[in-house]
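Q: I'd like a close look at one part of this structure: the largest pocket. Please take me through it step by step, and then show me what else is worth a stop on the way.

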Amino acid sequence: MALKVSQASEIPAFLAMQVMKRAKEMQAAGGDLVHLEVGQPSTPPPATVSNALQASLKHVASHGYSVGLGLPELRQRIGQHYQDWYQLPLDWQRIAVTPGSSLGFAIAFLSAFDKGDRIAIATPGYPAYFNLMLALGIKPQLLPARAAQNWMPDLESLVATDNIPDGLLLASPANPTGVVMCDDELEAVCRWCDKHGVRLIMDEIYHGLTFGKRTKSALAYTDNAIIINSFSKYFCMTGWRLGWMVLPEDLAPTAEMLAQNMYISAATINQLGAIAAFDCYDELDAHIPRYEENRDLLYRCLPAEFLGNHAPSDGAFYLYADVSALTNDSIAFADRILTDTGVAMTPGVDFDAVDGPSHMRLSYAGSTQDVKKAIQRLNDWLAGQGR
Ligand SMILES: Cc1ncc(COP(=O)(O)O)c(C=O)c1O
């Protein structure tokens, strides 16, 4: 007799992670791989951070749990970061440290929404938003954001069609497009949400990674939004699995109960190391010219067939390439390129079921040497196809 399996078993795969799994298997078997599939800096965190972690190993208390919302010392330091970067005073008690920002999304969804509620998300967009909502019984409401609309979802059309969602989740800089909302757009989104009673979740995990001026936090415009952030990207600490949230006051108690029950606390030792990350802005900022150089190399040297109608990529470290000249099946295309060239990339369907089959996402978070290698292999491969 078949035993019961939850509906969450229907959750779609996170294709970037699937490609990474296959690429790592090929690498373990001796393959020469170039990883452009995941958004993961190739540089380690600053030595100051690793030293702080090592120093904490000596203290018995570091090996225990922290309180559910995270070490007060770290939360206070994150609070100071909002003052230093954004000139925003912030009560550190509203800050929750999470195991990666990924768990922050789960806390956000479960604390602010019920099964059947609708959260609007821009597409193309980060796949785990959509997939996690499905697993939790929340309905994703897709808002197309296309080149023709300056990559911004049209919120007024939701009012016109009486289709206002319970929540809105946006990212800036965005994954996979690298689109950065200007301050006026961000302010308009915050005002729109407050006017229409929509709970905003703002994914700010690519803050610090912009090639123009630094972006503002949604906190500058509203105290009702849930702000999500992470040590993974700007701070180069993907494997440490640490993120944070800034919670509106009405959600903080629920978020704390959820954190206690879901994971007790984020890893204490990692939290102790992370405190030092906020002393390293200069070292971390020094990576940004490399990302920018990688992006410009891709623009200059990728085969023209990869640069059809690409998104702006003004922040984060992704190029969302329109490859409609080459394929309308991005999964098969990614697979073939991986097999033939060892270059791992993420199929666009991860981010968008409609236009994704003709798009690919290339991460340029790695070394410039790797980006050059990938460009060479892709050009050679296309030449070998008679293009
Ligand atoms: C837009 C966005 N949000 C959230 C995450 C989750 O990151 P983490 O759990 O490492 O903080 C990612 C990871 O790539 C992302 O691109």
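**Around the largest pocket**

A: Start with who builds it: domain 1 (7–45 + 284–384) and domain 2 (62–280) each supply at least three residues to the lining of the largest pocket. Keep in mind that you're looking at a predicted model. The pocket's volume comes to about 490 Å³. Its lining counts 27 residues, and those lying nearest the centre are Met17, Gly39, Tyr126, Lys233 and Arg241. Want to know which elements chip in with two or more residues? Those are helix H1 (15–28), helix H4 (100–112) and helix H5 (127–136). As for chemical character, the lining splits into 14 nonpolar, 9 polar and 4 charged residues.

Now for the ligand. There are 14 residues around it, and Ser102, Asp203, Tyr206, Ser230 and Ser232 come nearest. Zoom in on the atoms and you'll find some short distances. Ser102 has a polar side-chain atom 2.6 Å from an oxygen atom of the ligand. Asn175 also uses its side chain, with a polar atom 2.7 Å from a ligand oxygen. Ser101, on the other hand, brings in its backbone: an N or O atom there sits 2.8 Å from an oxygen atom of the ligand. On its own, the ligand has 400 Å² of accessible area, and the protein covers 93% of that.

Next, try tracing the chain just ahead of H5, one of the helices from the pocket lining. Pro124 is in the loop that runs from strand E3 (118–123) to H5. The peptide bond between Thr123 and Pro124 is cis, with an omega of about 5°.

Pro124 turns up again when you look inside the protein. The structure has 3 cavities of 30 Å³ or more, and the largest one has a volume of about 210 Å³. Its lining is made of 18 residues, with Ala122, Pro124, Trp151, Ala171 and Ala174 closest to the centre. E3 and E5 are the elements that give two or more residues to this lining. E5 contributes the most, namely 3 residues. Sorted by type, the cavity lining has 15 nonpolar residues, 3 polar ones and no charged ones.

Stay with E5 for a second, since there's another cis bond to spot. Pro173 belongs to the loop between strand E5 (167–171) and helix H7 (183–196). The bond leading into that proline, from Ser172 to Pro173, is cis, and omega is near -10°.

One last backbone oddity, and then you're done. Find the loop between strand E7 (226–230) and strand E8 (243–246), and look for Cys236 in it. Cys236 isn't a glycine, yet its phi is positive, at about 60°.

Notes. Residues numbered from 1 in each chain as written. Predicted model: local features only at pLDDT ≥ 70, side-chain atom pairs only at ≥ 80, totals over all residues. Heavy atoms only, no water. 1 Å grid on protein atoms, 1.4 Å probe; cavity = no way out; pocket = protein on both sides within 12 Å on 5 of 7 lines; lining within 4 Å. Points joined across faces, edges and corners; volume = space filled by probe spheres on them. Helix = DSSP H or I, 4+ residues; strand = E, 2+ residues; numbered from the N terminus. Nonpolar A, V, L, I, M, F, W, Y, C, P; charged D, E, K, R; others polar. Domains from an automatic or database assignment. Near = heavy atom within 4 Å. Polar contact = N/O pair within 3.5 Å; in protein donor to acceptor, adjacent residues only side chain to side chain. Areas by Shrake-Rupley, 256 points an atom, 1.4 Å probe, with all protein chains shown as cover.
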